[in-house]
Amino acid sequence: MQSILHKDGHVATLTVNRPDKLNALNAETIQSLHNNLQDVRNDKRIRALIVTGSGSKAFVAGADIAELASLSVNEGQELARKGQELLFNYVENMPKPVIAAVNGFALGGGLELAMSCHIRIASDNAKMGLPEVSLGLIPGYGGTQRLAQLIGKGKALELITTAGMLTAEEALHWGLVNRVVPQAELANEANTIAANIAKQSPTAIQHALESVQAGFEVGQTDALKEEIAHFGQCFGNEDFKEGTTAFLEKRKPDFKG
Ligand code: COA
């Protein structure tokens, strides 16, 4: 199973479950997460959802690079469009709060998934970044928009263009996560927040989520389409072939531009 859903009272936990690939998101995993999110969305008993990664090393280490490597421009665009619809926008538009418990690497699509969630907390070993330009790509699952919304345009552009990786403490300092706890306490911390949410009015919370999101919706919808188009164009560049091949051959890329 590519993702595991566990329900306990009013709180559900959804775990991305591909630990041998650091929970990298392939099409099957995205579909599995979508199916479980649909279940949580429709289950009136569930009032808060925690999303986390399997194992102690990674939340999600990104989109599955092996799956990306052979795609054409059109297929790349379709990958981004479908992923945004099934997972990233779907999480952001959930009618109940979604808490990302970032338990290790959250890179590329992994950070994009955490940023689609409404609340982020991290374990002290977590590392976060959008390293797509090191592969000849750009973030295609909403990262260009949500990172700038969360930490501001200047810091977002620094992180994206340097393919930088933040420690949990740096992410806290930059406002990317709300708090950092030792890894052994992460699940408890997430459950405490979820339990506090579960005591409040679910209908009022849904209105609050929709109201906050409404402030970002106008520009975001068009910008996400723009992101999909630019993401797709990267698949036609030699740099993308070099970047993904280098990753899969476990060597440093040599970009010609
Ligand atoms: N897609 C596909 N496979 C991935 C992956 C990804 N995004 N991230 C990790 N994996 C796989 C590795 O290929 C490796 O598989 P293998 O054992 O079959 O060779 C396995 O997961 C373990 O990863 P490994 O690289 O050996 O672990 P590490 O501790 O040396 O490095 C990372 C950890 C996260 C720094 C490194 O895996 C990495 O850079 N991953 C890609 C991050 C990225 O660019 N994400 C954005 C994608 S658009």
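I first looked up which residues of helix 3 are buried (under 20% relative accessible area with a 1.4 Å probe, protein chains only; exposed is over 50%, partly exposed in between), and I noted Gly76, Leu79, Ala80, Gly83, Gln84, Leu86, Leu87, Phe88, Tyr90, Val91 and Glu92. The model is predicted, so I kept in mind that local features need pLDDT of at least 70 and side-chain atom pairs pLDDT 80 or more, while totals for chains, interfaces and linings use all residues. Residues are numbered from 1 along each chain as its sequence is written, and side-chain values use heavy atoms, with hydrogens and water left out.

Helices here are DSSP runs of H or I with at least four residues, and strands are E runs of at least two, both numbered from the N terminus. Helix 3 covers residues 73-92, and I found a bend of about 50° at Gln84, taken as the angle between axes fitted to the seven residues ending there and the seven starting there.

I then turned to salt bridges (a side-chain nitrogen of Lys or Arg within 4 Å of a carboxyl oxygen of Asp or Glu), and the whole structure gave eleven. Within helix 3, Arg81 pairs with Glu85 at 2.9 Å between the closest N and O atoms, the two lying four residues apart, about one turn of the helix. Arg81 is partly exposed at 36%, and Glu85 is partly exposed at 47%.

Elsewhere I noted Arg251 with Glu242 at 2.8 Å, N to O, where Arg251 is partly exposed at 35% and Glu242 counts as buried at 19%.

How values were computed:
The expected span of a helix is 1.5 Å times one less than its number of residues.
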